[in-house]
Amino acid sequence: MNYAQLKAAIQSYTENYETEFESYIPTFVQQTEERVYNTVQLPPLRSNKTGVLTTGNKYLPCPLDFLSVYSLAVIENYNTANETYHYLLNKDVNYIREAYPTPADTGLPSYYAIFGPAVASNTVSNELTFILGPTPNSSYYAELHYYYYPESIVTAGTSWLGDNYDPVLLYGSLREAYLYMKGEQDLIANVEAKYNEALGQLKRLGDGMERQDAYRSGQTRVRVT
């Protein structure tokens, strides 16, 4: 289901073709996407970037679309036959400050923490930074795997969710639409139930089936009583 089809379905289900209602449909859809993405960990929510750590600088800027970390690694001998990955351990900022109190405590970083918003020219940014411990003693490459929101179906026209499991998008958007329209409570409850059913099936896929295989976990079985 692409966005045009989703929009048409929302209008058809609600029988609402008013201009003002139509203008809010993107909001209904985007709110649903964010609810789903914060409930189920799907492969399309992963991204990765490679950057360079600066010698003597214990701070590393987060990507602009960063939401949370899957893993952060420092790479020695990048792009050579001796390339080696060192995965950093996540710690609190206070742990890193205590263990490595001065920038002169240098070496191959072993730990990281989300430090907080970046500050440049006394201006606080909306973006976050990592603090590393110890301070890098060389310009190492770093590879970050992280969680982010993929482009919405509203602006992209299509999405992984729309292509692979559209019921959760449809019923989630209808829930938001009926709340906006101040619909009957039993109607909202019915749509909410359909949304939760679809979300449960998607969670089974994203948090279950895509994280195992028959060789390691055995085939899925339903208990016979």
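**View 1. Tyrosines Y100 and Y111 are both buried.** This close-up comes from a predicted model. Burial here means a relative accessible area under 20%. The next view shows where one ring cluster forms, and a later view returns to this tyrosine pair.

**View 2. Ring pairs join five residues into a cluster.** The members are F66, Y112, F130, Y146 and Y148. Across the whole structure, a search finds 15 aromatic pairs.

**View 3. F66 and F130 meet edge-to-face.** Their ring centres lie 5.5 Å apart. Their planes stand at 80° to each other. The two residues come from distant parts of the chain, 64 residues apart. F66 sits in the loop between β2 (59-61) and β3 (68-76). F130 belongs to strand β8, residues 123-133. Are these two rings buried or exposed? F66 is buried, with a relative accessible area of 8%. F130 is buried as well, and its value is 0%.

**View 4. Y100 and Y111 form a tilted pair.** The centres are 6.4 Å apart, and the planes make an angle of 35°. Y100 lies in the loop between α3 (93-99) and β6 (106-107). Y111 lies in strand β7, residues 111-120. The pair therefore ties together parts that are eleven residues apart in sequence.

**View 5. R46 lies over the face of Y70.** How far is R46 from the ring centre? The distance is 3.8 Å.

**View 6. K91 lies over the face of Y95.** Here the distance from K91 to the ring centre is 4.7 Å.

Terms used. Residues numbered from 1 in each chain as written. Predicted model: local features only at pLDDT ≥ 70, side-chain atom pairs only at ≥ 80, totals over all residues. Heavy atoms only, no water. Phe/Tyr/Trp six-rings, centres within 6.5 Å; stacked < 30°, edge-to-face > 60°. Helix = DSSP H or I, 4+ residues; strand = E, 2+ residues; numbered from the N terminus. Buried < 20%, exposed > 50% of the residue type's maximum accessible area, 1.4 Å probe, protein only. Lys NZ or Arg CZ within 6 Å of the ring centre and 35° of its normal.
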